[in-house]
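Subject: Handing over a structure

Hi there,

Here is the structure I promised to pass on to you. Please have a look at it first, and then read my notes below.

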Amino acid sequence: MTVREILRMGDPRLLRVAQPVTQFDTPELHALVADMFETMHAANGAGLAAPQIGVDLQLVIFGFGSNQRYPDAPPVPETVLINPVLTPLSDEMEEGVEGCLSVPGLRGSVPRYTRLHYEGFDQFGKRIVRDAEGFHARVVQHEVDHLLGILYPMRIRDFSRFGFTEVMFPHLDPGADD
């Protein structure tokens with residue numbers, strides 16, 4: 001397992017639309033998933049998309065029991081999600097503060113669907129079908145946006161609620177957001 005470099009906002013590779021995964025249960029895919037988890041854990045992340053490490057594939061990982069970047073967030077099941085399809089379960093949206101490993105040191109309030117259905121595959125090709133709500137739904141939407149070349153600042157509607165983590169949340173460890 002290797003901790004990979006996380007691309008930062010401004011890198012054009014983060015703006016591409018990722019390609020579908022066509023081969024499952026391969027040594028290369030398993031190694032990529034292992035590297036992504038190692039990278040996410042090293043950065044204290046809640047999720048990571050393959051494009052964030054320069055891999056142009058529709059692959060995201062997410063999940064944690066607790067996370068120091070989001071200390072009030074409930075646990076989210078650790079998941080590998082490939083070729084995802086998201087379907088909102090209602091029109092209800094909610095503003096919530098997000099950060100991103102590709103946008104270190106900043107946070108912003110982003111509107112997201114409160115409930116959604118998602119489908120896809122794990123690295124073995126096994127189908128995943130789940131409904132999610134709250135922070136779990138927010139994390140899935142954030143990570144899948146990366147597969148579409150969208151970073152969370154592109155979704156912010158009110159830039160008065162976008163700023164440096166250390167200013168907006170002085171009680172959080174500023175080193176945990178870099």
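Let me begin with the empty space inside: the largest cavity has a volume of about 140 Å³. Please keep in mind that this is a predicted model. Counting cavities of 30 Å³ or more gives one.

Which residues are closest to the centre of the largest cavity? They are A46, Y70, G99, H142 and E143, out of 15 residues that line the cavity. Two elements, β4 (93-98) and α2 (134-147), give two or more residues to this lining. Of the elements, α2 gives the most, with five residues. By character, the lining divides into seven nonpolar, four polar and four charged residues.

Now to the sheet. Five strands form an open sheet in the order β1-β2-β3-β6-β7, and their pairing is antiparallel. At the edges you will find β1 (47-49) and β7 (127-133), each of which pairs on one side only. From one strand to the next, the twist averages 35°.

If you would like to zoom in on one pair, try strand β2 (residues 59-64) and strand β3 (residues 76-88): they run antiparallel and are joined by five bridges. Within β3, T79 is the residue that stands opposite F62.

Finally, what lies across β1, β2 and β3? That is helix α1 (residues 27-42), which runs at about 45° to β2.

Happy exploring, and best wishes!

Key: Residues are numbered from 1 along each chain as its sequence is written. This is a predicted model: local features need pLDDT of at least 70, side-chain atom pairs count only at pLDDT 80 or more; totals for chains, interfaces and linings use all residues. Side-chain values use heavy atoms; hydrogens and water are left out. Two strands pair if DSSP finds at least two bridges between them. Helices (H or I, at least four residues) and strands (E, at least two) are DSSP runs, numbered from the N terminus. Axes are lines fitted to C-alpha atoms, for helices over the stretch in contact, and angles run from 0 to 180 degrees between N-to-C directions. Contact means heavy atoms within 4.5 Å. On a 1 Å grid over the protein atoms alone, a cavity is a set of points where a 1.4 Å probe fits but cannot get out, and a pocket is an open set with protein on both sides within 12 Å along at least five of seven lines; lining residues have an atom within 4 Å of a point. Grid points are joined across faces, edges and corners, and a volume is the space filled by probe spheres set on the points. Ala, Val, Leu, Ile, Met, Phe, Trp, Tyr, Cys and Pro count as nonpolar, Asp, Glu, Lys and Arg as charged, and the others, Gly among them, as polar.
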